[in-house]
Amino acid sequence: MSRGVFALTWFFLLSMTLIDLYAIHNTLVFSEITNQGTLMTVEELFYLGRNFEYSFKEAISLGDTDSFLDYWAPRGNISFGILVEFPKKHCVQTNFTFSEFLSLTLIEHENIILFSPIGVQQSCISLEVSNDGFKTYGVISSLTCINTSSSWFSC
Amino acid sequence: MRGFFSIEILLILFLLPFFTYLFESYRLPLVRETEVLTQDAAQLLMNGHSIYDFPTNNLVVWLDDVSTGTCTYQFKYCTQRYFEGGEHTICLAECLH
């Protein structure tokens, strides 16, 4: 083999190694960022569900339940009724209107508002939210205690 | 041989960007870290803290359209929390300097 051919072969081997290293590094970084993006999508979905739960407590303390429903209905599949299939927390829709449902489930006891069961069955309000193939629920289920002095914390 | 040598020199020049890539100290955007800091900041804001309670030397925090300052950053993360009568957008970025 003449010297020039040997040098070219060596060069191509070196260049292919460098290019492969670059490609591997690029793939690792790209997949890591994609994985982190997926995690964040899921976390934001969880916080969306939690925002729904917080806003219900505030709506009750302000007596503004119509705005609550108007705000959240376009954000996901909202339902209120009987809680079944725990821990999936699936709400089975009742035939009541939302205000009728609240008049049945919200009771005041010693200046504390309680979200109570309907008869012997647990009641619930849920919002099903989904994004990018993931799904979760924001759920308010009886026996939730809503303190009238604070819109944020259960008592 | 002079022709071969010229071609090799030319090809080596093409390889230079790959060499620099191997030896440069590249700052990766700390995506996950920024996200976790944003979630912590959001929780503090929900508990009644102000955006001005956060350190301003290496962080910028936004609450809706109000920010604690400006700086150069690679990655900004935003999340939403419900407090004080509505959903608020909380964002955070780590400054590069």
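**Entry 1: helix α2 of chain B**

I started just past α2(B), where B:G48 follows the helix with a positive phi, near 100°. I note here that this is a predicted model, so I keep the confidence scores in view.

Next I checked the length of α2(B), residues 31-46 of chain B. At 1.5 Å a residue, its 16 residues should span 22 Å, and the end C-alpha atoms lie 23 Å apart, which agrees.

Which residues of α2(B) are buried? I found B:T34, B:E35, B:T38, B:A41, B:A42 and B:L45. Looking down the axis of α2(B), I see these buried residues fall within an arc of 125°, so they line one face of the helix. A reminder to myself: an α-helix has 3.6 residues a turn, so residues three or four places apart point the same way. On the other side of α2(B), I noted B:E33 and B:D40 as exposed.

**Entry 2: where the chains touch**

I then turned to the contact between the chains, which takes 16 residues from chain B and 18 residues from chain A. Which elements give two or more residues to the side of chain B that touches chain A? They are α1 (2-23), α2 and β3 (73-83) of chain B. Of these, α1(B) gives the most, with six residues. My helix from the previous entry, α2(B), is thus on that list too.

**Entry 3: the open sheet of chain A**

In chain A I traced an open sheet of four strands, in the order β2-β1-β5-β6, with antiparallel pairing. β2 (90-93) and β6 (134-141) of chain A stand at the edges with a single partner strand each, so one side of each is left without a neighbour in the sheet. The twist averages 50° from one strand to the next.

I looked more closely at β5(A) and β6(A), which pair in the antiparallel sense over eight bridges. Within β6(A), A:S141 is the residue that stands opposite A:C124.

**Entry 4: a hairpin in chain A**

β3 (residues 106-109) and β4 (residues 112-115) of chain A also pair in the antiparallel sense, over four bridges. Here A:L106 stands opposite A:F115 in β4(A). What sits between the strands of this hairpin? There are two residues, and A:E110 takes a positive phi near 50°.

**Entry 5: confidence in chain A**

Last, I looked up the scores: chain A averages a pLDDT of 84, and 89% of the residues score at least 70. Among the elements of chain A, β5 (residues 123-131) has the highest mean pLDDT, 91, and β7 (residues 144-147) the lowest, 74.

Conventions:
Residues are numbered from 1 along each chain as its sequence is written. Chains are lettered from A and ligands numbered from 1 in the order in which they are written. This is a predicted model: local features need pLDDT of at least 70, side-chain atom pairs count only at pLDDT 80 or more; totals for chains, interfaces and linings use all residues. Two strands pair if DSSP finds at least two bridges between them. The expected span of a helix is 1.5 Å times one less than its number of residues. A residue is buried if 20 or more other C-beta atoms lie within 10 Å of its own, exposed if 12 or fewer, and partly exposed in between; C-beta atoms are placed from the backbone. The arc is that of the directions from the helix axis to the C-beta atoms. pLDDT is the predictor's confidence in each residue, from 0 to 100. Axes are lines fitted to C-alpha atoms, for helices over the stretch in contact, and angles run from 0 to 180 degrees between N-to-C directions. Two residues are in contact if their C-beta atoms, placed from the backbone, lie within 7 Å.
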